[in-house]
Amino acid sequence: YRGLDLLIDAWREMEVATLWLVGRPRMDISGLVAAAPASVRFLTRYVDDREIPAIFEHADLCVLPYTEIDQSGVLATALAFGKPMLLSDAGGFPEVAAAGAAECVPAGDVAALGSALASLVADEARLATLSTGAQRLAAGEWSWQRAAERHLDLYSRLIATG
């Protein structure tokens, strides 16, 4: 469901960048590793919270090609670090693109994913615009402060009707 096989297929055309797949897999990925081009690196272990800032600070783009999902902790973390994103149109991801923090491609469409990857990697101005959108979203509507306010409002309404 994460679409990593699609991402590896789309990455085959990339010649000027390195793709890092980070995190402990919950499935056998030996086939993915064997099929990956030389420009793909795997960090296949649990990533401690203390390591996350360095990983995101070194990333130019966060790619989440999920075939199905509602929301993602990785997406929220990328927003917190102001990272531009390339997302599939699965689940709630289009909302992030509509807010200017990401670009979306159709879920499962390897050609569209590859085209968007090539376009974004070559366009520093577009990456900067998406990064600004991510920072704005993380500081505003998707901030922890705003989430807490919405929860408190909901609880207040529930108590009042109670």
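At 11% relative accessibility, F56 counts as buried, and I would like to begin with this phenylalanine, keeping in mind throughout that what we are looking at is a predicted model.

F56 matters for my talk as one half of a ring pair, and a search of the whole structure turns up three aromatic pairs. For those of you new to this, a pair of aromatic rings is described by the distance of the centres and the angle of the planes. In the pair of F56 and F81, the centres of the rings are 5.4 Å apart and the planes stand at 5 degrees, so we call this pair stacked. The two residues come from distant parts of the chain, since F56 sits in helix α3 while F81 sits in the loop between α4 (73-80) and β4 (85-88), and 25 residues separate them. Is F81 buried or exposed, or something in between? With a relative accessible area of 31%, F81 is partly exposed, whereas its partner F56, as I said, counts as buried.

Another ring pair is that of Y66 and F93, where the centres lie 5.7 Å apart and the planes are at 90 degrees, so here the arrangement is edge-to-face. Y66 belongs to the loop between β3 (62-64) and α4, and F93 belongs to helix α5 (residues 93-98), so this pair ties together parts of the chain that are 27 residues apart in sequence. Both Y66 and F93 are buried. If you look around these two rings in the structure, you will also find Y1, because ring pairs, which are defined by centres within 6.5 Å, link Y1, Y66 and F93 into a cluster.

Let me stay in this region for a moment and turn to S72, which has its place in the loop between β3 and α4. S72 is buried, with a relative accessible area of 9%. Which residues does S72 touch, once we leave aside its neighbours within four places in sequence? The answer is L64, Y66 and F93, so that the two members of the edge-to-face pair appear again among the contacts of this serine. The side chain of S72 also has a polar atom that lies 3.1 Å from the backbone nitrogen of V74.

A comparable arrangement, with a side chain facing a backbone nitrogen, can be found at E51, in the loop between β2 (40-43) and α3 (52-58). Here a polar atom of the E51 side chain lies 2.8 Å from the backbone nitrogen of D48. Apart from its neighbours within four places in sequence, E51 is in contact with R45 and Y46. E51 is partly exposed, its relative accessible area being 28%.

Now I move on to charged residues. Side chains of opposite charge can pair when their charged atoms come close. How many salt bridges does the structure contain? The count comes to eight, and I will go through some of them one by one.

In one of them, the side chains of R126 and E103 meet at 2.5 Å, taken from N to O. R126 lies in helix α7 (residues 124-139) and E103 lies in strand β5 (residues 102-105), so this salt bridge ties together parts that are 23 residues apart in sequence. Both ends can be reached to some extent from outside, for R126 counts as partly exposed at 29% relative accessibility, and E103 counts as partly exposed at 23%.

A salt bridge with a shorter span in sequence joins D153 and R157, at 3.1 Å from N to O. These two residues both lie in helix α8, four residues apart, which is about one turn of the helix. D153 is partly exposed, with a relative accessible area of 41%, and R157 is partly exposed as well, with 48%. Salt bridges that share partners also join E141, R146, E149 and R150 into one network. Within that group, the side chains of R150 and E141 meet at 3.1 Å, again from N to O, with R150 partly exposed at 36% and E141 partly exposed at 43%.My last stop is on the surface, where L152, L154, Y155, L158 and I159 form a nonpolar patch, with about 530 Å² of accessible area together. One of its members, I159, is found in helix α8 (residues 144-161), and I159 is exposed, with a relative accessible area of 68%.

Note on methods: Residues are numbered from 1 along each chain as its sequence is written. This is a predicted model: local features need pLDDT of at least 70, side-chain atom pairs count only at pLDDT 80 or more; totals for chains, interfaces and linings use all residues. Side-chain values use heavy atoms; hydrogens and water are left out. Buried means under 20% relative accessible area, exposed over 50%, partly exposed in between (1.4 Å probe, protein chains only). Contact means heavy atoms within 4.5 Å. A polar contact is a pair of N or O atoms within 3.5 Å; within protein, one must be able to donate a hydrogen and the other to accept it, and residues adjacent in sequence count only if both atoms are side-chain atoms. Rings of Phe, Tyr and Trp (its six-membered ring) pair if their centres lie within 6.5 Å; planes under 30 degrees apart count as stacked, over 60 as edge-to-face and the rest as tilted. Patches are made of residues with over 30% relative accessible area and no salt bridge: like charges are joined within 9 Å, nonpolar side chains (Val, Leu, Ile, Met, Phe, Trp, Tyr) within 5 Å. Accessible areas come from the Shrake-Rupley method with a 1.4 Å probe; for residues, only the protein chains shown count as cover. A salt bridge is a side-chain nitrogen of Lys or Arg within 4 Å of a carboxyl oxygen of Asp or Glu.
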